[in-house]
Amino acid sequence: QVQLVESGGGLVQPGGSLRLSCAASGSIFSINFLGWFRQAPGKEREFVAAINWSGHNTYYAGSMKGRFTISRDNAKNTVYLQMNSLEPEETAVYYCAADTMGSVSRTYYQGTHQYDYWGQGTQVTISS
């Protein structure tokens, strides 16, 4: 079992920044990849970024490259998502998710079905 707890969401103005955190606990050794997803009202959950838990490989959705950065602190079992230049249409609930089944690979990492543990989500609102 893996438990994931997100934090760091809130209200930010357009063009602003936020850093989200995802603290993992439980069977940490079983995590293969950890990803961030987001879901806006009325829309499907979409991939944002992912990181290889045991390495330093990172992956991003096209529109996030250059603006978002995913990173990992092994000592704290925490993954971060630094988000810059946020736009109102990026208002959503942001979720972190873990793959412990080995479903995620370097070439295919965007599918929600590939991740078997999910956090409760943290609300991010971009508005003036």
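**Briefing: an eleven-strand protein chain**

In strand β11, T122 is the bridge partner of Y94. This pairing belongs to a predicted model of a protein chain that has 11 strands and 0 helices. The points below begin with β11 and its neighbours, turn to a residue in a loop, and end with the chain as a whole.

**Strand β11 and its partners**

- Strand β9, which covers residues 92-99, runs antiparallel to β11, and 3 bridges join the two.
- Strand β2, residues 10-12, also pairs with β11, here in the parallel sense and over 3 bridges.
- Within the reach of β2, V12 stands opposite I126 of β11.
- The side chains of β11 (residues 122-126) alternate between two faces.
- T122, V124 and I126 point to one face of β11 and are buried, whereas Q123 and T125 point to the other face and are not buried.
- Two residues on the buried face are thus also named in the pairing: T122 has Y94 as its bridge partner, and I126 stands opposite V12.

**T107 in the loop after β9**

- T107 lies in the loop between β9 and β10, the latter spanning 117-118.
- The relative accessible area of T107 is 72%, and T107 is therefore classed as exposed, the cut-off being over 50%.
- In sequence, T107 and Y59 are 48 residues apart; in space, their C-alpha atoms are 9.5 Å apart.

**Overall fold and dimensions**

- Read along the sequence, the chain follows the pattern β-β-β-β-β-β-β-β-β-β-β.
- A compact globule of 128 residues would have a radius of gyration near 14 Å, and the value of 14 Å for this chain agrees with that expectation.
- Taken along the principal axes, the C-alpha atoms fill a box of roughly 40 × 25 × 25 Å.
- Of the contacts between residues at least 6 apart in sequence, 58% join residues at least 24 apart.

**Burial, surface and charge**

- Buried residues account for 48% of the 128 residues in the chain; T122, V124 and I126 of β11 are among the buried residues.
- The accessible surface of the chain comes to about 6300 Å², and carbon and sulfur atoms contribute 47% of this area.
- The chain carries 9 positive and 9 negative side chains, and the centres of these two sets lie 6 Å apart.

Key:
Residues are numbered from 1 along each chain as its sequence is written. This is a predicted model: local features need pLDDT of at least 70, side-chain atom pairs count only at pLDDT 80 or more; totals for chains, interfaces and linings use all residues. Side-chain values use heavy atoms; hydrogens and water are left out. Helices (H or I, at least four residues) and strands (E, at least two) are DSSP runs, numbered from the N terminus. The radius of gyration is taken over C-alpha atoms; the globule rule is 2.2 Å times the number of residues to the power 0.38. Buried means under 20% relative accessible area, exposed over 50%, partly exposed in between (1.4 Å probe, protein chains only). Contact means heavy atoms within 4.5 Å. Accessible areas come from the Shrake-Rupley method with a 1.4 Å probe; for residues, only the protein chains shown count as cover. Lys and Arg count as positive and Asp and Glu as negative; His and the chain ends are not counted. The place of a charge is taken as NZ of Lys, CZ of Arg, CG of Asp or CD of Glu. Two strands pair if DSSP finds at least two bridges between them.
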